[in-house]
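Colleague: Mind if I quiz you on how the helices pack in this one? I'd like the reasoning behind the labels too.

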Amino acid sequence: MKLSRRQLFLGSASALALSASGYKLLRGFEDESSQKILQSLPTGLRGTGIDVHVHILGSGAGGTGCWMNDDFRRSIQARAGLWNLRLSVDQPDLDARYVDYLLARMRGAGFLKQVVALAMDYVYSSRGERDAARTHFFTPNDYVAHLAAAHPEFLFGASIHPYRVDALDELDRVAAQGAVLVKWIPNVHGMDLADPRCRAFYRRLAEHKIALLVHSGDEQAMAIAGQEFGDPRRLAAPLDAGVTVIAAHVASLGSRDGRTNFEHLLEMFPRWPNLFADTSALTLFTRWRVLRRVAEHTEIHSRLVHGSDFPLPPAASLFLGRISFGDWCRAWLRENPFRRDFLLKQASGLPGEIYHRGYEVLAPRLH
Ligand SMILES: [Zn+2]
């Protein structure tokens, strides 16, 4: 077969576009100047927002106390995820460079003032024994408290498994260190929110006015102890105890008893004024379909809090044809994951007020 010049030209042009988008699918181009980004934002959103869901992780380099189990360290998920941040799981200064990357990108995103940096506790058995083999990664409270003390951009998000024998002491300790919330992933940590053992923990959270950021709905990124633990209806226990609860990801994955977890969660907002939901991970390839539904349910917008779930990468490519081409290009072209996530959410119809609501929800713990 002989190719015409036109065919040859089109062929090489598509090959070039494909390889560029292949690269782009995985990682973007450097961001524009911060001045240009600031000018593109509505005045009320310039450097004033808060992201309540940002993970801190590391390998323990530099004595941070962070830890990853070997399976997770070798996984494509961890390697690709870190490559996406221009990092490598084997580099000796991983922990410090991770924080550098995070700080540079959140500052460069334009709309953010602060992020809640999250610790991550170990998995514990129902007998209260630490289970490192089933823990993907551990990020100590002390390390994150130290980061929050060193950088005004970080607020301290603690993580404490409620089955620990020292759970209440640890809660008092992180409260004294300035924790603004406690993070749980019940499906992964293997905790049942309705377990009577959690009651004292809820009472103490309410006393300290510390919010609970809880993964809600199914979980697909990490090893699972039980998807039933992600049932949003289980949030009733901390809510009844007067704890401010932020249901992470708006329960955007999975179904239970013939209805989606998202539908179960929607029904709960009128009953509990202390219930909120974060928008984290809604631009990921697993959850992006729910983003449009969240935008349509305007009755819950006053309960939404912005979260990104950094370092998980927003899947800008999937939004092609679903938002305006101009918006899509702006989100797709640039690397900064905070900005990408923000642009996709704005273009999908989430209201601008969610970027400040985290400050209202966490106000009792902010000075
Ligand atoms: Zn998360």
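Colleague: Are helix 7 and helix 9 roughly parallel or roughly antiparallel to each other, and why?

Modeller: Bear in mind this is a predicted model. Helix 7 (residues 167-176) and helix 9 (residues 199-208) pack at an angle of about 15°. Angles under 35 degrees count as roughly parallel, and helix 7 and helix 9 are therefore roughly parallel to each other. Their axes are 10 Å apart, and the crossing is right-handed.

Colleague: Which residues make that contact?

Modeller: Helix 7 brings Ala167, Leu168, Leu171 and Ala175, while helix 9 offers Ala200, Phe201, Arg204, Leu205 and His208. By class, the contact of helix 7 with helix 9 has seven nonpolar residues, one polar and one charged.

Colleague: What about helix 13 and helix 14: at what angle do their axes cross?

Modeller: Roughly 165°, with the axes of helix 13 (residues 325-333) and helix 14 (residues 337-348) coming within 8 Å. Anything over 145 degrees counts as roughly antiparallel, so helix 13 is roughly antiparallel to helix 14.

Colleague: Is the crossing of helix 13 with helix 14 left-handed or right-handed?

Modeller: Left-handed.

Colleague: And which residues meet there?

Modeller: From helix 13, Asp327, Arg330 and Ala331 meet Arg340, Leu343, Leu344 and Ala347 of helix 14. That contact divides into four nonpolar and three charged residues, with no polar ones.

Colleague: What makes Asp327 a charged residue in that split?

Modeller: Asp counts as charged, along with Glu, Lys and Arg.

Note on methods:
Residues numbered from 1 in each chain as written. Predicted model: local features only at pLDDT ≥ 70, side-chain atom pairs only at ≥ 80, totals over all residues. Axes fitted to C-alpha atoms, helices over the stretch in contact; angles between N-to-C directions. Helix = DSSP H or I, 4+ residues; strand = E, 2+ residues; numbered from the N terminus. Parallel < 35°, antiparallel > 145°, perpendicular 65-115°, else oblique. Left-handed = near helix turned anticlockwise from the far one by under 90°. Contact = placed C-beta atoms within 7 Å.
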